[in-house]
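Here is a short note to help you find your way around. Keep the viewer open and follow the numbered points one at a time.

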Amino acid sequence: MRNGVINIYKEQGFTSHDVVAKLRGILKQKKIGHTGTLDPDAEGVLPVCLGSGTKLCGMLTDRDKTYEAVLLLGQSTDTQDISGTVLERAEVSVTEETAGEAILSFVGAYEQIPPMYSALKVGGRKLCDLARAGQEVERKARPVVIYGIEILEVCMPRIRMSVSCSKGTYIRTLCHDIGEKLGCHGCMEKLLRTKAGQFLLEDSLRLSEVERLRDEGRLEEAILPVDEVFTAHPKAVLKKESSRLGYNGNSFRKTDLTVQDVKEGEIRVYDHAGAFIGIYAWHPGQRLYRPVKMFYQSPANGQIC
């Protein structure tokens, strides 16, 4: 079984679940998971986790993201993107300068109401299922952060922009809200995810490219090992006699490490032979490193701690 992360370029028309299903066929393994839904019409970076790497799914979903979007002014839709039913239309008479000021006013902390056409659940049911059944329910605004917006091109009524944002941000809702602020409505016409955490668009692979690498026996070139997701964490190595503590997910002291001046935060831990064990965090009260996330896989039986 392969373990790690593949940076997939999700093509238009595929759901994120479609990508996982197709990869299961290409790689001939079941343990695969994606790191955050992209709408079928959206394209771009979709990190997909394999084997023991599936433990990363939640962690990678929480990472910040960057998108390139096209905002279409002059209409609103029920889905807040171009694929939906048009609800209202309006003449677009705003200037480029006024539009730019409105767009940039969203930079910073922002209370965003999730769209009805989303996978969020209310009362155990997905909002999108309720919306398809003709029901609309009240949604609470959620705090998101827009770190930056760069306006790339203006050709009214369309504005192409790059948006860097926190997890949980809906770019189509941002487009809708910008249109409402301008008083002429708006929806998202195109969406391309260019960055998800450390994964970049220029490094992403289409499913056909993954198939080609498989056929050429070069698939490992496309898989990022699990520990390389944590290169920002200081590396620490357990002594031979202390490695069993890591294998079993036990806490350990600084004296169990080969080098004892490791930073007192989160660290990535390896056994004496170089096998990645997991992420540990320093607890000053107990003067111990305790496990945060375990990834060790025993070479004998393939079991993951």
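1. Let's begin at Lys 28, which comes just after helix 1 and has a positive phi, near 60 degrees. Please keep in mind throughout that this is a predicted model.

2. Now step back into helix 1 itself, which covers residues 16-27. Does its length fit? At 1.5 Å a residue, its 12 residues should span 16 Å, and the C-alpha atoms at its ends are 16 Å apart, which agrees. Ser 16, Val 19, Val 20, Leu 23, Ile 26 and Leu 27 are the buried residues of helix 1. Looking down the axis of helix 1, you will find these buried residues within an arc of 125 degrees, so they line one face of the helix. Their cover includes strand 1, strand 2, strand 3 and helix 6 (207-215).

3. Strand 3 (residues 43-50) deserves a visit next. Seven of its eight residues are buried, so to speak of it as mostly covered is fair. Strand 1 (residues 4-10) runs antiparallel to strand 3, and seven bridges join the two; here Ile 6 stands opposite Val 48. Strand 2 (residues 32-34) also pairs with strand 3 in the antiparallel sense, over three bridges, and His 34 stands opposite Val 48 as well. Strand 12 (residues 186-196), in contrast, runs parallel to strand 3, with two bridges between them. In that pairing, Glu 43 stands opposite Leu 192.

4. Which residues of helix 3 (residues 96-104) are buried? They are Ala 99, Gly 100, Ala 102 and Ile 103. Viewed down the axis of helix 3, its buried residues fall within an arc of 165 degrees, so they line one face of the helix. Glu 97 and Glu 101, on the other side of helix 3, are exposed. Among the elements covering the buried residues of helix 3 are strand 4 (65-73), strand 10 (142-155), strand 11 (158-165) and helix 5 (171-182).

5. A single residue is worth a closer look: Gln 112, in strand 7 (residues 108-112). Is Gln 112 buried or exposed? Its relative accessibility is 2%, so Gln 112 counts as buried, the cut-off being under 20%. Leaving aside neighbours within four places in sequence, Gln 112 has contacts that include Lys 140, Ala 141, Arg 142, Gly 168, Tyr 170 and Asp 177. The side chains of Gln 112 and Tyr 110 are joined by a polar contact of 3.4 Å. From Gln 112 to Ala 99 there are 13 residues in sequence and 19 Å in space, C-alpha to C-alpha.

6. Finally, turn to strand 17 (residues 276-283). Seven of its eight residues are buried, so the rest of the structure largely encloses strand 17. Strand 16 (residues 266-270) is antiparallel to strand 17 and joined to it by five bridges, with Ile 267 standing opposite Tyr 280. Five residues lie between the strands in this hairpin, where Gly 274 takes a positive phi near 95 degrees.

7. Strand 17 also pairs with strand 18 (residues 288-294), again in the antiparallel sense, over six bridges. Ile 279 stands opposite Lys 293 in strand 18. The hairpin of strand 17 and strand 18 has four residues between the strands, and Arg 287 there takes a positive phi near 55 degrees.

Methods
Residues are numbered from 1 along each chain as its sequence is written. This is a predicted model: local features need pLDDT of at least 70, side-chain atom pairs count only at pLDDT 80 or more; totals for chains, interfaces and linings use all residues. Side-chain values use heavy atoms; hydrogens and water are left out. Buried means under 20% relative accessible area, exposed over 50%, partly exposed in between (1.4 Å probe, protein chains only). Two strands pair if DSSP finds at least two bridges between them. The arc is that of the directions from the helix axis to the C-beta atoms. Contact means heavy atoms within 4.5 Å. The expected span of a helix is 1.5 Å times one less than its number of residues. A polar contact is a pair of N or O atoms within 3.5 Å; within protein, one must be able to donate a hydrogen and the other to accept it, and residues adjacent in sequence count only if both atoms are side-chain atoms.
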